Amino acid sequence: MDEPTDYGNAPTEVGVETRPIRGLDGARENIRRSLPLRIAVTALLLLIAALALTPAFLFFRRPHPVFATTTPGDITLTLSASGSVQATIYSASFPIPGVLAQINVAPGQRVRKGDTLATLDTTQNKAAVTAAQSAVSDAQSGVDAAQTASDQAQTALATAQSSLATQQSYASTECARQPSDPVSCAAAQAAVARAQTQVDAAQAQVNAAQAQAAVAQNTLDNAQSALRAAQGGLASTALTAPHDGVVLAVNGQSGDQIAPGGAPFITLADTAQPLATVLIGYRDIAAVEVGELATVRVTQATGAQKLAGTVAAVTLQPHGSGDQLAYPVSISIDPVSLKGASLLPGMSASVTITTRARMDVATLPVGAIAY
């Protein structure tokens, strides 16, 4: 028999249906739930990668030999600096006054030592030379006449002296004879006295002739000195170049009255031994020594591509201060390397100084050197 069913006391089961959360809230909930899993997976992958790369890292951290082939070559250390061309400046001026007759040069023209730069009018100077030559000729005639008179006086003196000697010998013989003859002795002594008078007169003539010859010679000396001065004045009318160089300036024109002193008439730059002066910073000046080789480039000079030079002087005269402190260095430029190029003072120069050099040594590629 079936048991009765008690619907009144039986427990009631309530079923809950789970549905996915929709919308923005649902997306946030899904991310929140999956985030721990993602973090764990990422950490695991990083750990695996680190463990895999560790042997390679340790391998490359160890020093490994690098093989390279040496080759012969040159190693140089250089310093570069900029500056300007320098030259010795000379002035040429007429030493005497006069009228400028001709100018033979112009600024920029190259001249040789001894070339005639300009000339003065020579009319007065030539006249002075002619007059001085005439005076010398007259003075020479006076000297010749005085010399002739002196020679004649010397001859007369010699004759008188010879006669005196003869008379003295005769008187000595006459007065020494025994028995002595007073009359003959007195006559002989009187002859000696007359001969002595003649000698004295001849000597006076010689002295006068010699004095006249001295006056004539002095006149000749003065005339010759005046001639040399006149000839020097004539020579000074031509102004010549004191050195090889380039004409920088000409201060005058034909017809001008020239007077010594004042501004130089012609200014020259001696380019036979040009210099380049550069400033080297205080950090590098200790490496620069006299005699070191240098290369000079002067782009403003026609034909001056690459000039050879040598450090001529290091002047410890400071220029600037602080980080700008520098010292002048003079570079002597080899005239042979000019090859006709004209360097003028003030032209810009770039200089490279070789402070150290090792030639024909074994060299290595930079990549073969590890630190």
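**Figure 1. Overview of the chain.** Buried residues account for 25% of the 371 residues in the chain. The model is predicted. The chain holds 4 helices and 12 strands. Among its contacts with a separation of 6 or more, 79% join residues that are 24 or more positions apart. The exposed surface of the chain is about 24600 Å², and carbon and sulfur atoms supply 56% of this area.

**Figure 2. The largest nonpolar core.** This view shows the largest nonpolar core, which has 25 residues. The members that touch the most other members are Ile280, Val296, Val298, Val329, Ile331 and Ile353. At least two residues of this core come from each of strand 1 (71-92), strand 8 (266-281), strand 9 (293-297), strand 10 (307-314), strand 11 (326-333) and strand 12 (348-363). Strand 11 gives the most, with 4 residues. In soluble globular proteins, nonpolar side chains tend to be buried together.

**Figure 3. The surroundings of Ile353, and a second core.** Which residues does Ile353 touch, when residues up to four places away in sequence are not counted? Ile353 touches Leu77, Thr78 and Leu79, together with Ile280, Val288, Glu292, Leu293 and Ala294. Val311, Val329 and Ile331 are also touched by Ile353. A second core, separate from the largest one, has 16 residues, including Ala92, Val105, Leu117 and Leu239.

**Figure 4. The salt bridge between Arg112 and Asp244.** The whole structure contains 2 salt bridges. One of them is formed by Arg112 and Asp244, whose closest N and O atoms are 3.4 Å apart. The pair links distant parts of the chain, as the two residues are 132 residues apart. Arg112 belongs to the loop between strand 3 (110-111) and strand 4 (116-120), and Asp244 to the loop between strand 5 (238-240) and strand 6 (245-250). Is Arg112 buried or exposed? Arg112 counts as exposed because its relative accessibility is 55%, a value over the 50% cut-off. Asp244 is partly exposed, with a relative accessible area of 28%.

**Figure 5. The salt bridge between Asp323 and Arg283.** Asp323 and Arg283 form a salt bridge in which the closest N and O atoms are 3.7 Å apart. Asp323 lies in the loop between strand 10 and strand 11, and Arg283 lies in the loop between strand 8 and strand 9, so the pair ties together parts that are 40 residues apart in sequence. Asp323 is exposed, with a relative accessible area of 59%. For Arg283 the relative accessible area is 59%, and this residue is exposed.

**Figure 6. Thr267 in strand 8.** Thr267 is a residue of strand 8. Its relative accessible area is 18%, and Thr267 is therefore buried, the cut-off being under 20%. Apart from neighbours within four places in sequence, Thr267 is in contact with Ile89 and Tyr90, and also with Val246, Val247, Leu248 and Ala249.

**Figure 7. Ala223 in helix 3.** Ala223 lies in helix 3, which spans residues 182-235. With a relative accessible area of 8%, Ala223 is buried. Which residues are in contact with Ala223, leaving aside neighbours within four places in sequence? These contacts are Ala132, Ala135, Val136 and Ala139. Gln140 is 83 residues away from Ala223 along the chain, and the C-alpha atoms of the two residues are separated by 9.1 Å.

**Figure 8. A nonpolar surface patch that includes Ile48.** Leu37, Val41, Leu44, Leu45, Leu47, Ile48 and Leu51 make a nonpolar patch of about 710 Å² on the surface. Of these residues, Ile48 lies in helix 1, which covers residues 24-61. Ile48 counts as partly exposed, at 48% relative accessibility.

**Figure 9. An open antiparallel sheet.** In what order do the 4 strands of this open sheet stand? The order is 5-4-2-7, and the pairing is antiparallel. Strand 5 and strand 7 (257-258) are the edge strands, each of which pairs on one side only. Strand 2 (residues 98-103) pairs with strand 7 in the antiparallel sense over 2 bridges. Within this pair, Gly98 stands opposite Ile258 of strand 7. Strands of a sheet pair through backbone hydrogen bonds, either parallel or antiparallel.

Conventions:
Residues numbered from 1 in each chain as written. Predicted model: local features only at pLDDT ≥ 70, side-chain atom pairs only at ≥ 80, totals over all residues. Heavy atoms only, no water. Core = buried A, V, L, I, M, F, W, Y, C linked by side-chain atoms within 4.5 Å. Buried < 20%, exposed > 50% of the residue type's maximum accessible area, 1.4 Å probe, protein only. Contact = heavy atoms within 4.5 Å. Salt bridge = Lys/Arg side-chain N within 4 Å of Asp/Glu carboxyl O. Areas by Shrake-Rupley, 256 points an atom, 1.4 Å probe, with all protein chains shown as cover. Patch = residues over 30% accessible without salt bridge, like charges linked within 9 Å, V, L, I, M, F, W, Y side chains within 5 Å. Pairing = 2+ DSSP bridges.
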